[in-house]
Amino acid sequence: MFELSERMKRIPPYLFAEIDAMKKKKLAEGVKVIDLGVGDPDLPTPKHIVSAMQKAVERVDRQKYPSYEGMLEFRESVSEFYMRRKGINLDPQKEVIALIGSKEGIAHLPLAFVNEGDYVLVPDPGYPVYYASTVMAGGRAFFMPLNAENSFLPDLEAIPEDVRKKAKIMFLNYPNNPTSAIAEKDFIKSAVDFCIDNKIILAHDYAYGEIGLDGYRPKSFLENKNAFEVTIEFNSLSKTYNMTGWRIGFACGNEEIVKGLLKVKTNVDSGVFEAVQEAGIAALRGSDEFIDENCRIYAERRDILVDGLKNLGFAVEKPKATFYVWCRVGGSSIEFVKRILDGAGIVATPGIGFGKNGEGYVRFALTRSKEVIAEAIKRLERLF
Ligand code: MLT
């Protein structure tokens, strides 16, 4: 009786909701499932962050409506974090806003800037929200293929002239989900220059910016000297501090773009619970040793998984960043995922779920202990 809108019909069911359903079915059959599907850290949020929330939640003044843009102190802690970690100067009054997780900000950005029929440049494979938010805003996605030959960086020269003219936003995401690829200075410069030349907003999803392995420090796009002309960077506390359930992130960069996003947000949400922002302040002002230790743990898990997959004959590289392993399996990624779920009780994400160029690959998340990952390898050895 109630038909979905044409826009919603163009959006496939949310990838991770589908995978969750497959996993639940297996659990109901009594299978001891190893979930390497969704990128949801298994390790706890650090204690000092939890305590900050506990204290704040008791305060009556923290129980009221928060401000739309986020508490000034939260925004200041973001700018201190960017200065300390990346040497980037952000004006907390104008260049930073709080988000209910970076996904929320990404989903709302096109509503602020895209008109019916405008293009949004979307990486393929890519985080599904770039496409969904484009369609929800009435825009058209132009997919930029990411493939191994190009180190999973888009070929900007291949974007046709008529698309450039009608493009409003380019989504990029490095360190990359799902491929784990990284972007270095030269590529960042070419992306910033391209967006300046074509008057396009560069929306950089930097959710994995602090998950650098073996001492590698992933670059912020705002490190480029001209980036502030066109860039909004989305960041999240989810992966950096194991806070996925808390729903807190931020957007920073070009003042006008940040302001446009805030205009949408004032109309759809009422900000981030201030007790959660207090926790966010404790996180961002906390010791960076936690971040290093977290990355050390992911590197150890990566080695077990990648070495195990290589021994089985899979073509797979050791990523320098993110907690994902992007493994070439050839053929249908859905068939492969079904095979390892049925035959070994392992949940992984099919590459096709991130776009047609993800076909032939499967993504494993390193969000289980090294013992569990070693067990997954043993099960795969029995299967292949
Ligand atoms: C993923 O598995 O790709 C992420 O956890 C999804 C997200 O961050 O929303």
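This report describes the ligand site, the largest pocket and the largest cavity of a predicted model.

**Ligand site**

The shell around the ligand is made up of Phe 16, Val 38, Gly 39, Tyr 127, Asn 177, Tyr 208, Lys 239, Tyr 324 and Arg 363. By class, five of the shell residues are nonpolar, two are polar and two are charged. The ligand lies between domain 1 (6–44 + 289–383) and domain 2 (47–284), because both domains give residues to this shell.

Three contacts to oxygen atoms of the ligand are set out below.

| Residue | Protein atom | Distance to a ligand oxygen atom |
|---|---|---|
| Gly 39 | backbone N or O atom | 2.7 Å |
| Asn 177 | side-chain N or O atom | 2.9 Å |
| Tyr 324 | polar side-chain atom | 3.3 Å |

On its own, the ligand has 270 Å² of accessible area, and the protein covers 83% of that area. In the contacts, Gly 39 takes part through its backbone, whereas Asn 177 does so through its side chain.

**Largest pocket**

The largest pocket holds about 650 Å³ of space. Its lining comprises 29 residues, of which Pro 12, Pro 13, Leu 15, Ile 352 and Gly 353 are the closest to the centre of the pocket. Nonpolar residues number 22 in this lining, alongside three polar and four charged residues.

Several secondary-structure elements contribute to the lining of the largest pocket. At least two lining residues come from each of helix 2 (15–28), strand 3 (119–124), helix 6 (128–136) and helix 12 (333–344). Helix 6 makes the greatest contribution, giving five residues. Since domain 1 (6–44 + 289–383) and domain 2 (47–284) both supply residues to the lining, the largest pocket lies between them. The ligand, too, is placed between domain 1 and domain 2, as residues of both domains enter its shell.

**Cavity**

Turning to enclosed space, the count of cavities of 30 Å³ or more comes to one. The largest cavity has a volume of about 30 Å³. Its lining consists of Phe 81, Asn 235, Ser 236, Leu 237, Thr 240, Tyr 241, Phe 250 and Leu 284. Five of these lining residues are nonpolar and three are polar, while none is charged. The lining of the largest pocket, by contrast, includes four charged residues, and the shell around the ligand includes two.

Key
Residues are numbered from 1 along each chain as its sequence is written. This is a predicted model: local features need pLDDT of at least 70, side-chain atom pairs count only at pLDDT 80 or more; totals for chains, interfaces and linings use all residues. Side-chain values use heavy atoms; hydrogens and water are left out. A residue is near a molecule or strand if one of its heavy atoms lies within 4 Å of it. A polar contact is a pair of N or O atoms within 3.5 Å; within protein, one must be able to donate a hydrogen and the other to accept it, and residues adjacent in sequence count only if both atoms are side-chain atoms. Accessible areas come from the Shrake-Rupley method with a 1.4 Å probe; for residues, only the protein chains shown count as cover. Ala, Val, Leu, Ile, Met, Phe, Trp, Tyr, Cys and Pro count as nonpolar, Asp, Glu, Lys and Arg as charged, and the others, Gly among them, as polar. Domain bounds come from an automatic or database domain assignment. On a 1 Å grid over the protein atoms alone, a cavity is a set of points where a 1.4 Å probe fits but cannot get out, and a pocket is an open set with protein on both sides within 12 Å along at least five of seven lines; lining residues have an atom within 4 Å of a point. Grid points are joined across faces, edges and corners, and a volume is the space filled by probe spheres set on the points. Helices (H or I, at least four residues) and strands (E, at least two) are DSSP runs, numbered from the N terminus.
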